[in-house]
Amino acid sequence: MSTTIGEVSIPVDDSGFILLQCPFCSEFFKLHPKDYEADDVIKIHCPSCGFKAHDYLTEEVLELARKKAINYTNNLIHKEIKKLERQLKSANFSFKVSKQVQHVDEYPIRYGIDNLEVIKYPCCDREAKIKSIYKMCGSYCPFCGVRYEKNR
Ligand SMILES: [Zn+2]
Ligand SMILES: [Zn+2]
């Protein structure tokens with residue numbers, strides 16, 4: 001049995017980019033959500049190390065998803081206990097659930113890393129935001145993996 005726990009929404013910055021993090025080199029970069037999910041983009045390459053990861057969710061997004069899962073489960077358990085309480089009450093059995101089980105705070109995801117600069121990859125006609133150091137020293141096109149020695 002599987003249940004949808006609910007969407008973890010990733011906030012976009014002022015220019016409409018979402019923050020991503022490479023699981024290999026831990027560097028942050030940003031892409032437009034439509035490019036990240038585009039059908040013609042099979043796998044995203046990390047612009048810093050060039051590897052292709054399965055996903056680039058930041059630790060914060062994963063953490064938020066984990067907390068949502070905990071809260072969902074807790075609520076479910078609470079509901080079941082409440083149901084049990086009603087059943088027992090009708091059987092003249094005293095049983096009281098004092099309070100809601102502990103709720104884990106689902107804090108909003110940090111706004112993002114701001115020292116990232118827009119870079120345009122002409123090969124795919126798409127743009128990304130990467131650290132200026134990679135813009136200067138070279139980066140990989142996240143969409144096709146082509147190496148750029150420096151930004152033109
Ligand atoms: Zn990387
Ligand atoms: Zn490209």
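Which residue takes a positive phi in the hairpin of β1 and β2? Let's hold on to that question while we get our bearings. What you are looking at is a predicted model. The protein chain has 152 residues, and buried residues make up 35% of them. Along the chain you will meet three helices and six strands, and if you read from start to end, the pattern runs β-β-α-α-β-β-α-β-β.

Now back to the hairpin. The residue is S26, whose phi is near 65 degrees, and the hairpin has six residues between its two strands. The strands themselves, β1 and β2, run antiparallel to each other and are joined over four bridges. To see one match across the pair, find L20: the residue opposite it in β2 is F29. Then look at the two faces of β1, because there is something to notice about both. On one side sit I18 and L20, on the other L19 and Q21, and these residues are all buried, which means that each has under 20% relative accessible area.

The hairpin belongs to something wider. Four strands form an open sheet in the order β1-β2-β4-β3, with antiparallel pairing. At the edges are β1 and β3, each of which pairs on one side only. From one strand to the next, the twist averages 30 degrees. Follow the sheet to β3 and β4 and you will find six bridges in an antiparallel pairing; within it, E117 has I130 of β4 as its bridge partner.

What fills the protein's largest nonpolar core? It has 20 residues, and those with the most contacts inside it are L20, F29, L31, Y36, I44, Y56 and Y121. The sheet strands take part here, since β1, β2, β3 and β4 each supply at least two residues of this core. F29 makes a good guide. Beyond its close neighbours in sequence, F29 is in contact with residues that include I18, L19 and L20, as well as I44, Y56, L116 and I130. Contacts between distant residues are part of the wider picture too: of the chain's contacts with a separation of 6 or more, 49% join residues 24 or more positions apart.

Next, turn to the metal ions. The zinc ion called ligand 1 has four protein donors, the SG atoms of C22, C25, C46 and C49, at 2.2 to 2.3 Å. Along the chain, these donors follow the spacing C-x2-C-x20-C-x2-C. One pair of them links distant parts: C25 is in the loop between β1 and β2, while C49 is in the loop between α1 and α2, 24 residues apart. The angles between the four donor atoms are 102 to 119 degrees, so the arrangement is tetrahedral. C25 is partly exposed at 28% relative accessibility, and C49 is partly exposed at 23%.

The second zinc ion, ligand 2, also has SG donors, from C123, C124, C141 and C144, again lying 2.2 to 2.3 Å from the metal. Here the spacing along the chain reads C-C-x16-C-x2-C. C123 lies in the loop between β3 and β4 and C144 in the loop between β5 and β6, so this pair ties together parts 21 residues apart in sequence. With angles of 105 to 124 degrees, this arrangement is tetrahedral. Are these two cysteines buried or partly exposed? C123 is partly exposed, with a relative accessible area of 38%, and C144 is partly exposed at 34%.

Definitions and conventions: Residues numbered from 1 in each chain as written. Chains lettered and ligands numbered in written order. Predicted model: local features only at pLDDT ≥ 70, side-chain atom pairs only at ≥ 80, totals over all residues. Heavy atoms only, no water. Core = buried A, V, L, I, M, F, W, Y, C linked by side-chain atoms within 4.5 Å. Buried < 20%, exposed > 50% of the residue type's maximum accessible area, 1.4 Å probe, protein only. Contact = heavy atoms within 4.5 Å. Pairing = 2+ DSSP bridges. Donors = N, O, S within 2.8 Å, 3.2 Å for Na, K, Ca; no water. Tetrahedral: all angles 85-135°; square planar, octahedral: opposite > 155°, others 65-115°. Axes fitted to C-alpha atoms, helices over the stretch in contact; angles between N-to-C directions. Lists of a residue's contacts leave out its neighbours within four places in sequence.
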